[in-house]
Amino acid sequence: MKETLVQRPDLDKAEHLTLIVGLSCRNLRGFLFMWMNVISFIWATKKAPGCTHILPGVISPFSILLVSYWTSPRDMMRFVKAPAHMRWMQFIYKHPRSLNLFNETYGRPQSANYINSPRGYAGSLKSEQGRDV
């Protein structure tokens, strides 16, 4: 029987934040902007100081979801003012009918489990490793 690695990070002292950003196109202009710029935005987020992980997801050809993990509110706010993020905000303000945008920020979770592939918080926190069959 094959064993599965389950990781349970110790979250007691974590100060990390989770930022969820959702984008959806409302017209062709928004569609083109989103798909022409999303890869550079993901890379800029990944390289930003304080970003420990980003998980991009395609919901449909017209919607994407980005989940990023940050070491502190200060690091996340620094990225919000960075050129990569400001380019999106400028586009939305200039073309308000082209994209829908939402973002939500959460503190550390109460618990977290990762099976076989540690992501999110597990990527930057020391984990208590256990085995589950």
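Which residue in strand 5 stands opposite glycine 22? Keep that in mind as you read these points; we come to the partner in point 3.

1. First, a reminder: this is a predicted model. The protein has 3 helices and 7 strands. Starting at the N terminus, you will meet them in the order β-β-α-β-β-α-α-β-β-β.

2. Now look for the open sheet. It has 4 strands in the order 3-4-2-5, paired in the antiparallel sense. Strand 3 (51-60) and strand 5 (99-106) are the edge strands, each pairing on one side only. From one strand to the next, the twist averages 15 degrees.

3. Next, follow strand 2 (residues 17-25), which pairs with strand 5 over 8 bridges, antiparallel. Here is the partner from the opening: phenylalanine 102 stands opposite glycine 22. Helix 3 (residues 83-94) packs on the sheet and touches both strand 2 and strand 5. The direction of helix 3 makes about 135 degrees with that of strand 5.

4. Helix 2 (residues 73-80) is a nice one to rotate on screen. Its buried residues are Asp75, Met76 and Phe79. Viewed down the axis of helix 2, the buried residues fall within an arc of 95 degrees, so they line one face. An α-helix has 3.6 residues a turn, so residues three or four places apart point the same way. The cover over the buried residues of helix 2 includes helix 1 (28-47), strand 4 (63-70) and helix 3, along with strands 2 and 5.

5. Finally, the whole protein. Of its 133 residues, 41% are buried. The protein exposes about 8,600 Å², with 56% of that supplied by carbon and sulfur atoms.

Conventions:
Residues are numbered from 1 along each chain as its sequence is written. This is a predicted model: local features need pLDDT of at least 70, side-chain atom pairs count only at pLDDT 80 or more; totals for chains, interfaces and linings use all residues. Side-chain values use heavy atoms; hydrogens and water are left out. Two strands pair if DSSP finds at least two bridges between them. Helices (H or I, at least four residues) and strands (E, at least two) are DSSP runs, numbered from the N terminus. Axes are lines fitted to C-alpha atoms, for helices over the stretch in contact, and angles run from 0 to 180 degrees between N-to-C directions. Contact means heavy atoms within 4.5 Å. Buried means under 20% relative accessible area, exposed over 50%, partly exposed in between (1.4 Å probe, protein chains only). The arc is that of the directions from the helix axis to the C-beta atoms. Accessible areas come from the Shrake-Rupley method with a 1.4 Å probe; for residues, only the protein chains shown count as cover.
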